[in-house]
Amino acid sequence: MDLSTKYLGLDLAHPLMPGASPMVDDLDTVRRLEDAGASAIVMHSLFEEQLVGDAMSALRSVDAHTESFAEATSYLPRPDEYRLGPEEYLEQVRKIKAAVKLPVIASLNGTTLGGWLDYSKLMEQAGADALELNVYYLPTDPAVGGLDVERNALGMAQAVKRAVGIPVAVKLSPFYSSLPAFAHQLDAVGVDGMVLFNRFYQPDIDVERLETVRSLRLSDSSDLLLRLRWLAILSGSVRGSLACSGGVHTPMDAIKAVMAGAHAVQMVSALLLHGPKTLKSVLDGMRTWMEEHEYESLRQMQGSMNLQKSPNPQAYERANYLHILSEWRG
Amino acid sequence: MSKRDLTMVDGNEAAASVAHRTNEVIAIYPITPSSNMGEWADEWSAYGRRNIWGAIPDVVEMQSEGGASGAVHGALQAGALTTTFTASQGLLLMIPDMFKIAGELNSYCLHVAARSVATHALSIFGDHSDVMSCRQTGFALLSSNSVQEAHDFACVGQAATLRARVPFLHFFDGFRTSHEVAKIEVLNDDDLRTMLPDELIRQHRERALSPERPVLRGTAQNPDAFFQAREACNPFYLACPGIVQETFDRFAELTGRSYHLFDYVGHPEADRVIVMMGSGAEAAHETVEWMVARGEKVGLVKVRLYRPFSLHHFIATLPSTVRKIAVLDRTKEAGAVGEPLYIDVVTALHEARTDGISSFDAEPVVIGGRFGLSSKEFTPGCVKAVFDELNRAKPKNHFTVGIVDDVTHFSLDVDPEFDIEPDDVHRGVFFGLGSDGTVGANKNTIKIIGEETDNFAQGYFVYDSKKAGAVTISHLRFGPRPIRSTYLIRRAKFVACHQSVFLDRYDVLEYAAPGSVFLLNSPFGPEEVWDHLPREVQESCASKNLKFFVIDAYKVAKQTGMGNRINTIMQTCFFAISGVLPREEAIEKIKGTIKKTYEKKGMEVVKRNFAAVDETLANLFEVKVPAKATAKLGRPPIVATEAPEFVQRVSAVLYAGKGDHLPVSVFTPDGTWPTATSQWEKRNIALEIPVWDPAICIQCNKCALVCPHAAIRPKVYDPKLLDGKKPQTFKSTPYKGKEYAGMAYTIQVAPEDCTGCKLCSVICPAKDKSNPKHKSLDMMPQMPLRELERENYAFFLSLPDPDRASVKLDQKGSQFLIPLFEYSGACAGCGETPYVKLLTQLFGDRALIANATGCSSIYGGNLPTTPYAKNRDGRGPAWSNSLFEDNAEFGFGFRLAVDMHIRLAQEILKRLAPKIGDGLVGELLNADQTTEAGIASQRERVTILRSRLAGMNDPDAKRLEAVADYLVKKSVWMVGGDGWAYDIGYGGLDHVLAMNRNVNLLVLDTEVYSNTGGQASKATPLGAAAKFAMAGKAIGKKDLGLMAMSYGHVYVASVAFGAKDTQTVKAFVEADSYNGPSIIIAYSHCIAHGYDLALGPQQQSIAVDAGIWPLYRFDPRRIAQGLPPLVLDASPKGTKVSEFTKTETRFQMVEKVDPKRFKKLCEDAQRDATQRLAVYKYLAGLTIPVEGDGTGAAAAEKE
């Protein structure tokens, strides 16, 4: 069975890979992922906040106390090889590259055009085979319009494309007024692929202390449906490749994603829950199903159920909405 | 021979650079101003820097200088090339070993940044009183006068000691040389190898103790042998000066820098000569050259090798024409015929005459004088005054210079206008805030000028004694010739004021020379700024014809994301205006240093700094200076007009930075100083202050408890007091609790004393239910609130405080007691001072406090302000600092004296009972003083007693009057940090605990030596980075509490106010009430932990939840009740240690350097915490058999 696929110009044995997560912090886990058959390694994101916030807060809480008092010109030691978040990250890219034979996709996550984007160049130099640029942005300012958000993200994508020679994917959220239009603009600035979608970690409320609290909910297969719809809509209409991220837990989930148009399928929650070996069982399941259904290759079904090829395309469009609602009433 | 670098370094780095490369073992202990030498050595070894023989020196921190010296002695005896660095009290602690080291002729060079020894007061600044205390040890004393010399003599000392076998103490002036940044030529490794031949090292090794060729040293000798054996070393001392001169000569051959045992400067036929040593000699050198150029026959002898003193070399150095000699000592030896160098010179001249080697045409007159104690300025004016004095027919002997002595009139008059600085030396003075980065940028500036141009350059930095809102003054000089001006700039060509508020407090333009440049950072633009200057500033601008520039640096910083760091912006202005370098080149160099400084902190920091530099010039404007002043208002008075006379006359002068003008007569001869003066220094350093919303306040008083500066306070009072008197914006609300039903309640901020640390606002639990973002305390800009809140605060203070007897001594109630520790100079957000303040609220009116040297003694007693205060009756803590190492014993002495006084009073009372009245005496002797009400009653009885004694003409009555106050219960406290309690003072602390007397020890545990800059102590937790433990401490924190518990009779508590303030207050109350030794170990967050201290209480909670800071109380009184003496006051919630470590730079740093190691350290810390807790849990279940109960075994109580 030929499961090979091409994602961001990389020739991969199959579409399954771990998505951006802390799993790659541990080299042993990375090796276990390789053993489980992952086709590539996606690094966790290096956050703009890490690059900017940490540095600036260190400046405030450490440097502000230096050279202030006669008895102590500083209060903390000055290690020679002090590695900041990015340096550790780059080191990890190098280590993973050395440890496994797989392509490594590094990831940057931020919201503003700034110096932090220069780290993309360093990621390339550290050996990353491709980059995933996560433009996670939550507009809270009413003065910031949809166009502003898109322009900003496009600017960042462009800056990274200019900085590096390796392929660049943009990881998107589902909240754009017109995702196809935005996707086309990303296409136009030369982005090599899109990852659908970011999963937003939704804060909870502590009603006793009147505080918002962080919460982390892992995905399940129900999260997949949103991805399937938009993969299907974009598939065939954008130049770059597509990855599905979020909600893939079973072989059927992965097959659906590919049918909707994914060139790559990223898994995180399932691997966090059940370990790297899950990737292998999903891959085996895909292969078995495809054999049972007499597929010859993955490419045969890639995008087979997208908006252009689906026998009932209205399911992806608005008409479906009315239909479903009336069924519910009934 | 490889080439030598020219570089800008300070004296400490210059000396340490040689010491580290020429030694193998370095045993250290931090003490200002020498700490940096140890830090450099530690850092270099941690980086893997090798000595000239290819080994990485082993740098070890000891528990005290005594310990360091012991380790040095041992390492020397075992044959290692060994050194250490110290100053002042540290050097005194080394003296016993120094006698031994010298007596055994060990080759050893010790480096000292000379500093005042504490006498009537501690001082961190420079003089020779420490070094002079070592004259009798047998060490050679080698004095360097400048940064280059500190570097050179470190080498000469090391080389000479190997040849001479006499140990050397190489010293240079603390701060003036140790902290001055200057351009030096660096000795390379080849130079050092040339100076330290292998043969000498081999001989040193051969002298080592070794079982292969065993010998015995350190014998005990008897009258038959000791004397002769002691004299056996004489040949070495006789040969030593010659060896030093030979070493100097070899050094001169190598480097071209020529030195002699005594160096003469001046007219070859001088009739007046000054003899001195240390950095002051450079100012004298400069002045002598200036005077000789003007035809005066004057000269200077710089003493390089003070011990062994070479009579022959000294006499040969002096011109035969000398008629009068002034010997200047930078020390005071009270009661001596004269100071040490003076006596030596007199003796030398006398002996030379007796021996017939005197070459003088006529025997010179010699006078001695003191100068420069505690870094007192020693200027060309002082030098001139000394020469002028020598010109008199009968010059004054035993004079002082640099001060005005209006008591004993020893001082010389100095012409304040005398100025010899040449025009081609550029001079800049910069006023900044510690936190705005001014000093760091100026260090970079002077490095750029020194290293990138042909100029010689010098940077010297003056800091104030506050830790929050500290003012810094940078003095930069550069010019075409070596700079010998070892004194502050007085006439600058460039004066920059980086904070416009300083213009209201300091005479900034006092430093401006006519026609110079004045650069001001101000929110007002070039058109408006003039109208916002105080009249005095305008007058200076006009009369001195200053070129005035203005920039809104905070605007530029904000625009470029730099927050309040304006340093690179102001630095760019300096280069742009001064034209030292072409603008483009200057900007390129500034960016180069920015990259070097911040590269490791992230590209964004570098980019933002670059952006700030680029934006600067567009925002820099020249201001047209009108011909004369136009402002009506001048600078506000330094202190309020209602301040006490002493504060007006003395403190205010110190606050204004003009303390040098105060004469001797204003000071007490024994160092006594009034308390309660901090209230008069209104510093206005907070950008934001808390604003109280009474509507949602739950009246918990937590804000007051956490406030490090006593700048937010609650009060309950009769609402009638508000009628017609309250200021319009004064807020009040009905008190909610039953205990003060019907009373009014107010939370009031002291707007001018608040530091803006936010702790009160962060801890405030009262949120607006409809808008939880709004709390009962929100931070708001101070400026618009200042006037109104000042008035409100004054009214608040005028309201009566609740009767102490009515106050419940718990967390909430304790905050109604007035703090008798207020507005200290501690850091904004300090984690120590809330405990100190609580102590004074609970017991301050009857407390004696012994304070170990460290942060708490500095914010507690560093002039100009004294934060320990008095209540309305004039009572308050009596406080004193003895030493770092002896604080437990010092406080124990308080207890012994108090107990003695009590016994004496009781005995006399009994004797006088018939006269005083049996009833009153009985009540006085049997008073129950366990409550505030009981104490108040006893005070009343003592008042009655005094009135009865007043009428009695009995000697016993007079004796009783002197001690009657001790009949009221006293609370004796020893306060100090972990450096004291865990390390240097542990022996004494342990002994005092064992003594079973009623004393209370408060350990403010910041887990590092905070005051000297964050060096590791035995309290430093596992995994944390600290200086001298850069890779992260690999062993756990010493369990001081458990060690104290092992005595069984000691009350022990471990507290963290941020985690459980109720338990903290309970522990303090119990400790005081326990009639035996008590120790409270108090978790204190600190800037040395590297995070925003507004989160301090939250971190404390996490520490408790993770089990790394257990809360407990061990009360021996519970044993008699059949209860387990140990009570655990918090159950860990299973929070991971990593939750605690992830916020603090001290841990994160370790992770970033070596993530794998850090992971292991975290696991170890987690295991340690679990194991420690298991032990505590077990102990908390144990009851101890009461004496004679016959059970003989501990019965484990089920949880």
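Helices α31(B) and α32(B) run roughly antiparallel to each other, and this pair is a convenient place to begin reading what is a predicted model. Two packed helices are described by the angle between their axes and the distance between the axes. Here helix α31, covering residues 932-950 of chain B, packs against helix α32, covering residues 955-963 of chain B, at an angle of about 150°, and their axes are 10 Å apart. Because an angle over 145 degrees counts as roughly antiparallel, the description given at the start follows from the angle of about 150°. The crossing of α31(B) and α32(B) is left-handed.

The residues that bring these two helices into contact can be named on each side. From α31(B) come L945(B), R946(B), L949(B) and A950(B), and they meet A957(B), L960(B) and E961(B) of α32(B). Sorted by class, the contact of α31(B) with α32(B) has five nonpolar residues and two charged ones, with no polar residue.

From helix packing we can turn to charged side chains. Over all chains, a search of the whole structure finds 93 salt bridges, and a few of them can be followed in detail. In one, the side chains of E149(B) and R304(B) meet at 2.7 Å, N to O. E149(B) belongs to helix α6 (residues 147-164) of chain B, whereas R304(B) sits in the loop between β12 (298-303) and β13 (305-307) of chain B, and the pair thereby links distant parts of the chain, 155 residues apart. Both partners, E149(B) and R304(B), are buried.

A second salt bridge joins the side chains of R176(B) and E180(B), at 3.0 Å, N to O. R176(B) has a relative accessible area of 6% and is therefore buried, and E180(B) is buried too, with a relative accessible area of 6%; the reasoning in both cases is that buried means under 20% relative accessible area.

A third salt bridge is formed by the side chains of D1072(B) and K969(B), at 3.8 Å, N to O. Since D1072(B) lies in helix α36 (residues 1061-1073) of chain B and K969(B) in the loop between α32 and β31 (971-977) of chain B, the pair ties together parts that are 103 residues apart in sequence. D1072(B) is buried, with a relative accessible area of 6%.

Salt bridges can also share partners, and in this way R4(B), D152(B), E185(B), D191(B) and R257(B) are joined into one network.

Notes:
Residues numbered from 1 in each chain as written. Chains lettered and ligands numbered in written order. Predicted model: local features only at pLDDT ≥ 70, side-chain atom pairs only at ≥ 80, totals over all residues. Heavy atoms only, no water. Axes fitted to C-alpha atoms, helices over the stretch in contact; angles between N-to-C directions. Helix = DSSP H or I, 4+ residues; strand = E, 2+ residues; numbered from the N terminus. Parallel < 35°, antiparallel > 145°, perpendicular 65-115°, else oblique. Left-handed = near helix turned anticlockwise from the far one by under 90°. Contact = heavy atoms within 4.5 Å. Nonpolar A, V, L, I, M, F, W, Y, C, P; charged D, E, K, R; others polar. Salt bridge = Lys/Arg side-chain N within 4 Å of Asp/Glu carboxyl O. Buried < 20%, exposed > 50% of the residue type's maximum accessible area, 1.4 Å probe, protein only.
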